[in-house]
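Please read this report with the sequence and the 3D view side by side, and look up each residue or element as it is named. The text moves from strands and sheets to the spaces inside the protein.

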Amino acid sequence: MRFRTRLMLVLLTVVVVSQLATGLAFLRATQQDALAKGTQRLEVGARVLDQLLERRGDQLHDNVAILADDFGFKSAVASQDRETLQSVLVNHGTRADADIVLLSDLDGQLLASSHHPSQTPMPFPELFETARQQGSAFSVVIADGQPYELVMLPVQAPNVIGWVGMGFLIDDAVVEEINALTGLEISVVNYTSDQTSTYLASSHSQKAAEPLSQFNNASEAGAYSGTSQMTPDDGYLTYASELYKDSRNQTFALIQLSRNELLAAYDDLQWQLVIIVALILLFTIAIAAWSARSISRPLVALADVARRIGQGERVTDVPAESSQSETGLLAGTLRSMQDDIAEREAILRHQSRHDLLTDLPNRISALEDINARIDDGHPFTLLRLAIKDFRNINDTFGYELGDHVLVTLAHRMKALTSPIQSAYRLASDEFLLLINQPDTTPNWRISELAALSTPIDLDNSSIGISLAAGEVSYPAHGAKAQLLLRRADIALDMARHHPDAHQRYAEGQDERHLRQLTLIHDLRDAVSNNQLWMAYQPKVATHDGEVCQFEALMRWRHPSLGFVPPDEFIGLAERSGNIRKLSQWMLEHITSQLQQWQQQGSRISVAVNLSASDVTDPDLPGQLAELLARHDLAADQLSLEVTESAVMQDINAAARTLDELSRLGVSIAIDDYGTGYSSLAQIKRLPVNELKIDKSFVLKLDSQEDDLTIVRSTIEMGHSLGLSIVAEGVENAASAALLNDLGCDYLQGYWIAKPMPSDQVIPWLKSTEIFTFTH
């Protein structure tokens, strides 16, 4: 579509939309004004109705008060002369033009009534109760399906000896009187609990009354009580005023005003508005056509120039007009715009391929350069580097100084000479070196990494940095850039957790990495999918040969990978942050199992392994106490085992948590003792009851003299500190006998029993004899 046509259509659309919006707004405003005035009339009618009922109520009150003060009437009430009472009520009611009169005793039993048998309960209990509480009562009530205004006052002589009531019928005469005063149609409608409605009084003709069916039941009418409501189908604006409500009846005064009557004065305005809009549209079409033609010519030419500039063309023939006109300003802007675009494109291209902090080429540049080297077919090496514990530098010195470390390291990489071709920053603390040779030599790596790791001067102090490096080579480790970077990342990840800070990718690490990713992903759903279960391995006391406890060992049966060793998935759970979820499931499962065994008549103690995350969790003692209480378990039925390496990660936090657990009465053991970097002096700070000698010292105890020496000294030192000693990994009778001779307190291993499912524990206990430990 041509610009001229679009411009004309835009102008027409603006005018049409604005005129239609104005017209509709005007019509809407007039209609709302009419309806608002109608609503005001309805509210006035409601107030008139209230005032009329109030006036009649005052009249009733005066008449009832005269009757209640009559001495003869009081005497008849006191003597309960029913014939006299009936006669007095009827006569007085006739003089007052009352439509209903009644008299009850103090308990609400009718003594006389114009509409109800004597000796029957008060037909209006709510009104009667209000009168008793407040001394008098006035309300609309329903009697024999008719609405009445009823006033009830006490008969006093001088104490209250009865209650007299008198009421006026709300009939057609009442609503006709309101209709004459307000000009509004009024109906009195009663809704019963069985969803039926009855017209009790109405100023409507039958035809006008039909729209009242918009209220199908009492709840619907009640929803609009005190508000006006108009429905398009019936053409009436209705105000519902509630007169009476009990468990069986709900009575409304429906005040109505015809919508047609309200809006009749505004019908002619609609046609006048249509004529005005049509004339404006004809005038607008003529103006729009002329304006579009005069404006579009220079703009079309400039639009073509902008299109050519957008396609990257260098345009020199920009139309020149007066610099004071808008099109002249636009032409000048286009000339300067193409110069600015060229400059910005150069800047953006540089920024898109370089890191903003270090100005090193980024990952995009690295991929382009690697692909170019692959296309050339020349061998090369990628060295992916990362700063170890860089997060601690940020946390300790702040992000600004952390950025200084990155910038300094980037400058050092830029200064590296051949065979290093390029340096890149991939992300956060990760860098990449492109080396122009098939691999690196150990001496070269040591010297270059040492140069990069030189301490950095920072605010008159030095920060030592340690680098981890993962190495891959082309074509030995892949023929695609993404593959080489991924394998370099795998090697770097190994270097982060390896004593040797440099690791070269080896075949098979891909599969192990993918397996780890799969296990980390599936571990989140292992609990909910019932893939985890607990095995129990017994522990035997050497002094009597009896089973004293079981160690709970978590097992994972993966749906596709089969059995996953706990040494593999527990470490992954700790690294991925899922370990607390597993620990919570384990403690819940084990305490539930202990309760089941206890209900079966077997009181068993179980040892549970805790992770480093669990040991420093301040909420663990409270959670464990709640589990023991919920499953009705004693604290000595549960002991906790923690590795010395887990404790040493944060010994102060671990000590606080273990102290609280010890106060619960739970026994605490140090697991895998001898494999970490703690000492008995450090462990002495903790509320430890047991040491478990790692199985690596026990498996060949009967044949390795060094292991025997280590085990003997550990037992002696542990006993000197008052600790019980447990040896795990006992797999033959000779080792069991040696441990017994050395004074080891408890033994655990395959020689005693392999870990077993929970349903095999009780049968195994019943079939097992006392163990003996002799040569």
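How many residues lie between β18 and β19 in the hairpin that they form? There are five residues between the two strands, and in this turn Gly545 has a positive phi of about 75°. Please keep in mind throughout that the model is a predicted one.

**The hairpin and its neighbours**

Strand β18 takes in residues 532-541, and nine of its ten residues are buried, so that the strand is mostly covered. In the hairpin, β18 and β19 run antiparallel and are joined by nine bridges, and one residue pair that can be looked up is Trp533 with its bridge partner Arg555 in β19. Strands of a sheet pair through backbone hydrogen bonds, either parallel or antiparallel.

β18 also pairs with two strands that come later in the sequence numbering, β27 (residues 756-757) and β26 (residues 746-748). With β27 the pairing is antiparallel over two bridges, and here Tyr536 has Met756 as its bridge partner. With β26 there are likewise two bridges in the antiparallel sense, and Ala541 stands opposite Tyr746 of that strand.

The table gathers pairs of strands, each with its number of bridges and one pair of residues that face each other.

| Strand pair | Bridges and sense | Residue pair |
|---|---|---|
| β18 and β19 | nine bridges, antiparallel | Trp533 and Arg555 |
| β18 and β27 | two bridges, antiparallel | Tyr536 and Met756 |
| β18 and β26 | two bridges, antiparallel | Ala541 and Tyr746 |
| β11 and β13 | six bridges, antiparallel | Leu385 and Phe431 |
| β3 and β4 | seven bridges, antiparallel | Ala143 and Gln146 |

**Two open sheets of five strands**

One open sheet has five strands in the order β2-β1-β5-β4-β3, and its pairing is antiparallel. Its edges are formed by β2 (110-113) and β3 (137-143), and because each of them has a single partner strand, one side of each is left without a neighbour in the sheet. On average, and with direction ignored, neighbouring strands of this sheet are turned by 25° against each other. Within the sheet, β3 is joined to β4 (residues 146-156) by seven bridges, and Ala143 has Gln146 of β4 as its bridge partner.

Another open sheet of five strands follows the order β12-β13-β11-β16-β17, and its pairing is mixed. The edge strands are β12 (420-427) and β17 (502-504), each of which pairs on one side only, while neighbouring strands of this sheet are turned by 20° against each other on average, again with direction ignored. One antiparallel pair in this order is β11 (residues 380-387) with β13 (residues 430-435), which share six bridges, and in this pair Leu385 stands opposite Phe431.

**The largest pocket and helix α17**

The largest pocket holds about 1,300 Å³ of space. Its lining is made of 40 residues, and those that lie nearest its centre are Pro566, Asp567, Asn609, Asp671 and Asp672. Sorted by class, the lining divides into 15 nonpolar, twelve polar and 13 charged residues. Among the elements that supply at least two residues each are β19 (547-558), α17 (566-576), α18 and β23 (667-673), and the largest share, six residues, comes from α17.

Which residues of α17 are buried? They are Phe569, Leu572 and Ala573, and because these cover an arc of only 105° around the axis, they are on the same side of α17. The helix is followed by Gly577, whose phi is positive, near 85°.

**The largest cavity and helix α18**

The structure also holds two cavities of 30 Å³ or more, and the largest cavity has a volume of about 60 Å³. The elements that give two or more residues to the lining of this largest cavity are α18 (579-599) and α20 (620-630). The full lining consists of Arg580, Ser583, Gln584, Leu587, Asp614, Asp617, Leu620 and Gln623, and its largest share, four residues, comes from α18. By class, this lining has two nonpolar, three polar and three charged residues. Helix α18 can therefore be looked up in connection with both spaces, since it lines the largest pocket as well as the largest cavity.

Technical notes: Residues numbered from 1 in each chain as written. Predicted model: local features only at pLDDT ≥ 70, side-chain atom pairs only at ≥ 80, totals over all residues. Heavy atoms only, no water. 1 Å grid on protein atoms, 1.4 Å probe; cavity = no way out; pocket = protein on both sides within 12 Å on 5 of 7 lines; lining within 4 Å. Points joined across faces, edges and corners; volume = space filled by probe spheres on them. Nonpolar A, V, L, I, M, F, W, Y, C, P; charged D, E, K, R; others polar. Buried < 20%, exposed > 50% of the residue type's maximum accessible area, 1.4 Å probe, protein only. Arc of directions from axis to C-beta. Pairing = 2+ DSSP bridges. Axes fitted to C-alpha atoms, helices over the stretch in contact; angles between N-to-C directions.
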